[in-house]
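I opened this entry to look up burial, one arginine and the pocket. My notes follow the model below.

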Amino acid sequence: MSWLLIGLGGAAGTLLRWGLSLLLADHTLESGWPLGTLVANALGSLLLGVVVQLAEGAELLGGDLRLVLGVGVMGGFTTYSSFNLETIRLAEQGHLGRAALYVSVTLVVCLVAGLGGLALARLAR
């Protein structure tokens, strides 16, 4: 049954990611900066931190819900493969500085978001 829960969560995460990319499409086209992917990775890092913290000891989130949210939804929502490809494309187009900045900003923002998610969930407990 876990596989079905993860699959449904992944489908939901994928649809949420698509909606986010539509929401941020104009900004991405205007700036040449892959904002949708950055926001998805940062938000996914934040939310995964919340899920993991709330599931610790299965006090607030049971095992099935952790699988649906953590593996399924966040797995479908976060977009490391897109981040990877966009970084390579920026470098291939000769934008080495922009590619390096994108990698750096993504790393810092996602780490801070992950710490924020853990902290938020700890406060909620």
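I looked up burial before anything else: of the 125 residues of the protein chain, 34% count as buried, meaning under 20% relative accessible area with a 1.4 Å probe, protein chains only. This is a predicted model, where local features need pLDDT of at least 70, side-chain atom pairs count only at pLDDT 80 or more, and totals for chains, interfaces and linings use all residues. Residues are numbered from 1 along each chain as its sequence is written, and side-chain values use heavy atoms, with hydrogens and water left out.

I then listed the elements. The protein chain has 6 helices and 0 strands; helices are DSSP runs of H or I with at least four residues, strands runs of E with at least two, numbered from the N terminus.

I turned to R17, which lies in helix 1 (residues 2–23). R17 is buried yet has no salt bridge (a side-chain nitrogen of Lys or Arg within 4 Å of a carboxyl oxygen of Asp or Glu). The nearest side chain of opposite charge is E86, 5.3 Å away; I counted Lys and Arg as positive, Asp and Glu as negative, and left out His and the chain ends. Leaving aside neighbours within four places in sequence, I found R17 in contact (heavy atoms within 4.5 Å) with G36, T37, A40, G76, F77 and T79.

Last, I looked at the lining of the largest pocket. Helix 6 gives the most to this lining, with 7 residues. I noted 7 nonpolar, 6 polar and no charged residues in the lining; Ala, Val, Leu, Ile, Met, Phe, Trp, Tyr, Cys and Pro count as nonpolar, Asp, Glu, Lys and Arg as charged, and the others, Gly among them, as polar. For the pocket I used a 1 Å grid over the protein atoms alone, taking an open set of points where a 1.4 Å probe fits, with protein on both sides within 12 Å along at least five of seven lines; lining residues have an atom within 4 Å of a point.

Technical notes:
Buried < 20%, exposed > 50% of the residue type's maximum accessible area, 1.4 Å probe, protein only.
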